[in-house]
Every structure is written in structure tokens, then in C-alpha cells.
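Reader: I'm new to this and want to learn how to read a protein model. Could you take me through one, feature by feature?

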Amino acid sequence: MSAQIDRFVHNRLPATEQMPQLRFDLPELQFGAQLNLVHELLDKAVSSKGWAARPALRSSRIVLTYADVKERVDRIAQVLVEDFHLVPGNRVLLRGGNSIGLALAWLAVVKTGLIAVGTMPLLRAKELGEIIDKARPALALCDAMLLDELQTAQAAHPVLQTIVPFNVMNAPGSMAVLSAQKDGNFAPCPTAATDIAILAFTSGTTGQPKAAVHTHRDILAACETWPRHVLRPAPDDIVVGSPPLAFTFGLGGLLIFPLWAGASVYFPDAPYTPENMVDAINSVGATTCYTAPTFYRQMAAFAKNQGVPSLRTCVSAGEGLPDATRTLWREATGIEMLDGIGATEMFHIFISSAGKDVRPGAIGKVVPGYHAKVVDAHGLEVPRGSVGKLTVMGPTGCKYMDDPRQSQYVKAGWNFPGDAFVQDPDGYFVYQARADDMIITAGYNVGAPEVEDALLKHPAVAEC
């Protein structure tokens with residue numbers, strides 16, 4: 001591997017005084033100076049954890065074990081380094097729907113010391129062009145069915161020189177053909193724990209997109225907080241879900257956290273509908289589901305009619321969870337939904353509760369490893385029961401690449417996700433609204449989700 005390192009992103013990190021303060025309070029959060037995330041998740045699964053023969057990635061056509069995944073990832077990594085001469089720190093844009101192919105590509109990019117730049121499948125050329133301009137990727141790996149918009153963006157933004165389709169079996173120049181010519185003998189890049197693994201874009205349809213930077217250590221730290229202490233996945237889990245891998249909710253839930261636990265993920269042949277997600281849960285025996293409240297609401301009737309006997313854990317995030325939806329799902333399935341709030345800037349969930357710790361109306365308590373409080377406009381903690389802005393600190397934090405909005409998100413080392421909350425006397429956090437969506441009427445603070453929940457309880461309202 002070349003000794004050259006591309007420091008484009010490192011050189012555009014926030015100034016020291018604008019960086020979040022990181023805390024590593026738990027024993028499991030003590031990491032060494034050298035750390036490669038994919039080596040920890042995948043190579044060690046094969047070499048030292050005894051998971052080589054366990055299923056890792058599933059579809060209707062194939063099941064890949066951890067050993068299979070490692071071999072395929074290593075072949076792709078060889079192509080990136082040997083054929084395209086990419087060096088650590090180069091950015092690689094990833095475009096595709098959730099699939100085994102996209103998961104393998106992501107793992108290979110990060111294992112190679114490159115920086116993965118996920119993009120939502122629905123983005124058009126204009127939004128893709130904005131991401132290309134900001135991230136300046138050296139190469140793109142793209143689902144063949146989604147090439148058109150990316151090629152249109154490339155024509156207008158030629159800084160992206162090369163696009164490689166990753167899921168065409170017999171086309172010359174495709175990743176499938178190129179990787180088949182490799183022997184799979186690849187050593188992980190010896191990345192530092194603080195080297196960058198991903199640029200996670202928080203917006204691509206309105207305003208200028210913000211690129212949240214996360215290191216190898218950030219993502220492994222996220223595994224050691226919410227999954228370890230709240231989700232508690234098991235090696236026998238089979239995970240399904242709808243959030244895109246380009247969205248950190250999806251990346252964690254549908255790839256990183258299952259691999260960390262020795263579990264497996266099922267990827268569908270086509271995007272989920274509420275009905276076919278229930279079908280998939282039952283056909284593969286899924287134990288864990290990730291999706292948004294709206295989707296659970298639409299799935300409830302199908303789940304009630306068909307039953308979901310294998311399903312044990314249902315994670316809701318991405319939008320506020322109304323109590324009406326929680327109740328509807330519990331009555332349909334007998335399962336108490338696991339709610340959580342996270343942020344792209346924090347990588348994943350930092351407030352949540354599961355099982356007997358669930359309290360109706362509340363998202364939950366702060367996840368072990370994080371600290372959270374509700375503050376006023378001056379950053380002072382408000383009395384319990386009062387509305388204020390949520391602020392969070394832990395082993396991950398917001399690091400926007402080259403963006404003046406960093407100073408709005410991080411203040412005095414604390415992260416401000418932009419949400420209004422109430423913390424009750426027992427420490428539970430009750431979501432009110434986005435901080436700029438609070439309704440003040442007759443002197444009362446009313447959160448928009450509170451109005452939504454009331455409307456959903458009316459028998460004449462099907463959706464809102």
C-alpha cells in the first residue's frame with residue numbers, strides 16, 4: 001500500500017475550540033491508538049470469535065457467512081488499492097439501495113482506510129452534485145440501476161473521475177468482474193482510532209448539505225453504548241429494516257451493530273412495503289426490526305392478521321413515536337416498541353429504553369456512556385419538568401467538515417441536536433418537538449408531536 005495519505009478531510013475538521021468534548025467513562029470504551037473498524041467487526045469474527053461459519057448477510061438468493069463476507073470484502077479492497085490506486089483518506093461515494101452488494105462495498109472501503117460517503121438512493125443529480133463538490137470523492141461505487149443520476153452529476157462535477165457499478169456480474173469493469181480476479185489476500189489498513197471512516201451527509205434536498213465526520217473509534221464506541229446496554233443483540237438474531245444504509249440509523253442497525261454481535265442481516269430484493277416487510281419477517285424468522293413510526297403504524301394490521309412469532313425487538317427512530325402508534329403496535333403484536341433518539345452528528349442513539357424500563361410518553365433515559373441535560377437559552381440546566389433544549393455529551397460528537405454551522409451544534413463541548421425536551425423527576429426524557437417547531441399558545445409550550453398524537457387517536461383520522 002502506498003505510504004501516501006490524503007488528509008483532505010482531516011484538514012477541514014473544526015477548530016479545536018469548536019470540537020465536542022468526548023467522554024470515555026465506561027471500561028468498554030477504552031480503545032487503543034490503532035483501530036480499524038472492519039478489522040474489529042469482521043476479521044476478528046473469523047479469526048478469534050468463532051463466528052466464521054455463522055450467517056452474516058442474507059438475501060432471498062444467498063446467505064453469506066462471516067468467512068464468505070471477509071473473503072469478498074478483501075477482494076473488493078484489493079481492487080480499490082491495486083487497480084484504482086486509492087490511498088487512505090480518499091473518499092469513495094456509495095450509491096445503492098440496501099443490499100448485500102452495498103454492504104460489502106461499504107465494508108471494503110472502510111477496511112482499506114478510505115472514507116465512505118453514503119448517499120440516499122432517491123437523491124437526484126443536483127443533490128448528488130452538491131455532495132460531490134463537498135466530499136470530492138476519488139471514485140464512486142454505484143448500483144447499476146442507479147447509474148443515470150450519478151452519471152448526470154458526474155458530467156457537471158468532473159472531480160468525480162470514476163464510477164464503478166458494483167452489482168453487474170458479467171460486465172467488463174464492474175466490481176464483480178474485477179474482484180473475481182483477486183485472491184482475497186488483503187491486510188486491513190493500519191488506521192489510527194481517530195482516522196476518519198465516514199462522511200455522513202445530513203441533508204441533500206433542502207439547504208446546503210452538512211457532512212458529519214465519524215472516525216473508526218466513533219463507530220466502535222457507538223457499538224459499545226446503545227447496542228450493548230439497551231438493544232442487547234444476540235448472535236442468533238436475524239435483523240430486517242427499512243432505513244437506508246446511507247442513513248446512520250440504517251448503517252448502525254442494519255450492518256454495524258449486527259456484525260458487532262455476530263448476528264445476521266436480511267436484505268430484500270426490492271424496497272419494503274408494510275405488507276411485504278411482515279412477509280419477510282415471517283419467511284426468514286426475523287427477530288429484530290428497524291423502521292420509523294409511520295411504517296409500524298402501516299404494518300400493524302398485517303402483523304395482527306399474520307402474526308409475527310419470531311419477532312422480539314422492534315426499534316423505532318427517525319421521527320417522534322406517538323403513544324397511539326406504540327399502543328397500536330403492542331395490541332397487534334404483543335411487543336413493546338423500543339424507542340430512541342439519535343443524530344447523524346452523534347452517529348446513533350443516545351437516549352432510549354427497552355422492556356420494563358419503557359415509560360409511556362417518554363423516549364427513555366440517557367444511554368450508558370452518554371450524558372444529557374435539558375438547558376435554557378444560556379446553557380443552564382432547567383428544573384425537571386420544564387421545557388428546554390437537549391444537550392448531549394459522550395464518546396461521539398458532532399464534527400462537521402468545513403462548515404460554519406459547527407458553532408451552532410457544539411457549544412462549550414456539548415452537542416445541541418436541536419430538539420426541545422422535558423426531563424421528568426425520574427430521569428426520563430420526553431420529546432416535545434424540534435426546538436424551532438414548538439408552538440406557544442396562551443403561554444403554554446405545545447409540541448407538534450403532541451398534536452399529532454391527539455389527532456391519531458381520533459377514529460376518523462387514518463394518518464397524519
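Reader: Okay, where does helix 10 lie?

Author: Helix 10 (residues 274–284) lies across strand 9 (238–241), strand 10 (264–266) and strand 11 (288–291). Helix 10 runs at about 170 degrees to strand 9. Such angles run from 0 to 180 degrees between N-to-C directions, with axes being lines fitted to C-alpha atoms, for helices over the stretch in contact. Contact means heavy atoms within 4.5 Å. Helices (H or I, at least four residues) and strands (E, at least two) are DSSP runs, numbered from the N terminus.

Author: Some ground rules: this is a predicted model, where local features need pLDDT of at least 70 and side-chain atom pairs count only at pLDDT 80 or more, while totals for chains, interfaces and linings use all residues. Residues are numbered from 1 along each chain as its sequence is written, and side-chain values use heavy atoms, with hydrogens and water left out.

Reader: How do I read a sheet, and what is the order of the 9 strands in the open one?

Author: Strands of a sheet pair through backbone hydrogen bonds, either parallel or antiparallel. Two strands count as paired if DSSP finds at least two bridges between them. Here the order is 2-1-10-9-11-12-13-14-15, with mixed pairing. Strand 2 (63–65) and strand 15 (365–366) are the edge strands, each pairing on one side only. Further in, strand 13 (residues 338–342) runs antiparallel to strand 14 (residues 349–353), joined by 4 bridges. Aspartate 339, for instance, has serine 353 in strand 14 as its bridge partner.

Reader: What about the open sheet of 6 strands: which order does that one have?

Author: Read it as 6-5-3-4-7-8, again with mixed pairing. Strand 6 (162–165) and strand 8 (211–215) each have a single partner strand, so one side of each is left without a neighbour in the sheet. On average, neighbouring strands here are turned by 25 degrees against each other, direction ignored. Strand 3 (residues 91–95) and strand 4 (residues 115–119) are a parallel pair with 5 bridges, and arginine 91 has isoleucine 115 in strand 4 as its bridge partner. Helix 7 (residues 216–223) packs on this sheet, touching strand 7 (196–201) and strand 8, and its direction makes about 80 degrees with that of strand 8.

Reader: Which residues touch the most other members of the largest nonpolar core?

Author: A nonpolar core is a set of buried Ala, Val, Leu, Ile, Met, Phe, Trp, Tyr and Cys residues joined through side-chain atoms within 4.5 Å. Buried means under 20% relative accessible area, exposed over 50%, partly exposed in between (1.4 Å probe, protein chains only). Of the 87 residues in the largest core, Leu80, Trp106, Leu141 and Trp226 touch the most other members. Helix 3 (residues 100–111) gives the most to this core, with 10 residues. Apart from it lies another core of 24 residues, including Ile115 and Phe201.

Reader: And how many aromatic pairs are there?

Author: Rings of Phe, Tyr and Trp (its six-membered ring) pair if their centres lie within 6.5 Å; planes under 30 degrees apart count as stacked, over 60 as edge-to-face and the rest as tilted. This structure holds 10 such pairs. Tyrosine 400 and tyrosine 409 make one that is edge-to-face, at 5.9 Å centre to centre and 80 degrees between the planes. Tyrosine 400 is buried at 2% relative accessible area, and tyrosine 409 is buried too, at 6%.
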